[in-house]
Amino acid sequence: MVQQIRVDPNARADDPRADAERDDATHEVRPDLAYQRHVIVNVAYIGRPGEAGWVLVDAGFPGTRARIEAAAEARFGGARPAAILLTHGHFDHVGVLEDLAAAWNVPVYAHRLERPYLDGSAAYPPGDASVGGGAMALASPLFPTKPVDVSAQLRDLPEDGNIPELPGWRWIHTPGHSPGHVSLWRESDRTVIAGDAFITTASESAYESIVQTPEIHGPPKYLTIDWPAARDSVRALAALMPDLAITGHGRALAGTELRRGLDALAADFDRIAVPDQGRYVERPRRAEDGSAYRTP
């Protein structure tokens with residue numbers, strides 16, 4: 001089975017020299033958009049440096065609070081964000097969410113179908129080692145699935161697609177990896193923050209998760225619970241023809257190589273992205289029948 005679509009390394013959206021000169025521990029890909037890698041996962045910062053009203057997208061790996069706060073200090077002078085926005089609630093995207101939500105006391109926005117994982121009421125289905133692909137997949141049954149509880153700050157994203165704290169951006173429901181997964185889209189410069197709807201490294205492999213050779217992949221196999229929905233989500237994002245993408249895992253990519261790779265993934269998703277075997281390949285877990293939610 002083909003497992004990835006290779007892209008030209010020059011498709012990287014970041015500029016290492018500019019990042020080193022700026023020295024704020026982030027990769028800046030637009031004047032008002034940067035991302036930061038935390039072990040194997042990325043968080044994003046939306047907002048112009050030095051200005052208030054910025055937004056944090058996702059909340060990192062466990063133990064990364066100090067790195068997020070340091071980057072916020074460097075980019076925004078220590079101003080707390082206007083909000084935290086979540087693409088979804090898997091453990092590597094909400095690692096320090098409870099700490100940051102309590103410290104900043106700002107709204108935490110997520111899709112309503114993701115709410116049970118964020119208000120303490122439901123756990124995710126367990127990781128599936130049978131999908132194969134490397135050490136990360138093998139270890140996935142050990143990954144935390146219990147919910148966090150930020151119910152005091154939690155807000156549902158508006159049904160109309162707008163984002164209260166981010167004019168010019170819209171959210172798009174891109175389920176499959178999780179029931180309430182969302183991606184963020186800015187039409188003016190064709191920028192997408194895709195979360196784990198698609199990614200740019202082989203997350204199943206510990207080696208590739210560290211090296212991060214630029215590639216286009218479907219969502220992480222070991223935690224994706226609804227493959228037909230994941231296919232539809234990738235096709236919806238490819239149809240937007242993005243010029244730049246920040247994903248939850250891997251390097252940000254831009255330009256024609258990004259679009260070529262995403263189009264190829266959308267056109268041949270089942271062969272490229274769907275594992276040959278796996279508990280959720282034959283039996284998807286969905287919000288509609290309640291199977292996506294477990295007692296914590």
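1. Tyr 117 and Tyr 124 are both buried in this predicted model. Their burial is worth reading together with the geometry of their rings, which is taken up further below.

2. Across the whole structure, a search returns nine aromatic pairs. One of these, formed by Trp 54 and Trp 104, is edge-to-face, with a centre-to-centre separation of 5.8 Å and an angle of 85° between the planes. Because Trp 54 sits in the loop between β4 (41-46) and β5 (55-57), while Trp 104 belongs to helix α3 (residues 97-104), this pair ties together parts that are 50 residues apart in sequence.

3. Both partners of that pair can be assigned by their accessibility. Trp 54 has 0% relative accessibility and therefore counts as buried, and Trp 104, at 10% relative accessibility, counts as buried too.

4. The pair formed by Tyr 117 and Tyr 124, by contrast with the edge-to-face arrangement of Trp 54 and Trp 104, is stacked, its ring centres lying 3.6 Å apart and its planes meeting at 15°.

5. Trp 54 and Trp 104 also belong to one aromatic cluster, which they form with Tyr 45 and Phe 76.

6. As for annotation, the UniProt record, an unreviewed entry, assigns residues 40-249 to "domain: Metallo-beta-lactamase". In the model, the C-alpha atoms at the two ends of residues 40-249 are 6 Å apart, and the span consists of 21% helix and 18% strand.

Technical notes
Residues numbered from 1 in each chain as written. Predicted model: local features only at pLDDT ≥ 70, side-chain atom pairs only at ≥ 80, totals over all residues. Heavy atoms only, no water. Phe/Tyr/Trp six-rings, centres within 6.5 Å; stacked < 30°, edge-to-face > 60°. Helix = DSSP H or I, 4+ residues; strand = E, 2+ residues; numbered from the N terminus. Buried < 20%, exposed > 50% of the residue type's maximum accessible area, 1.4 Å probe, protein only. UniProt positions renumbered as here; feature names shortened; annotations may be inferred.
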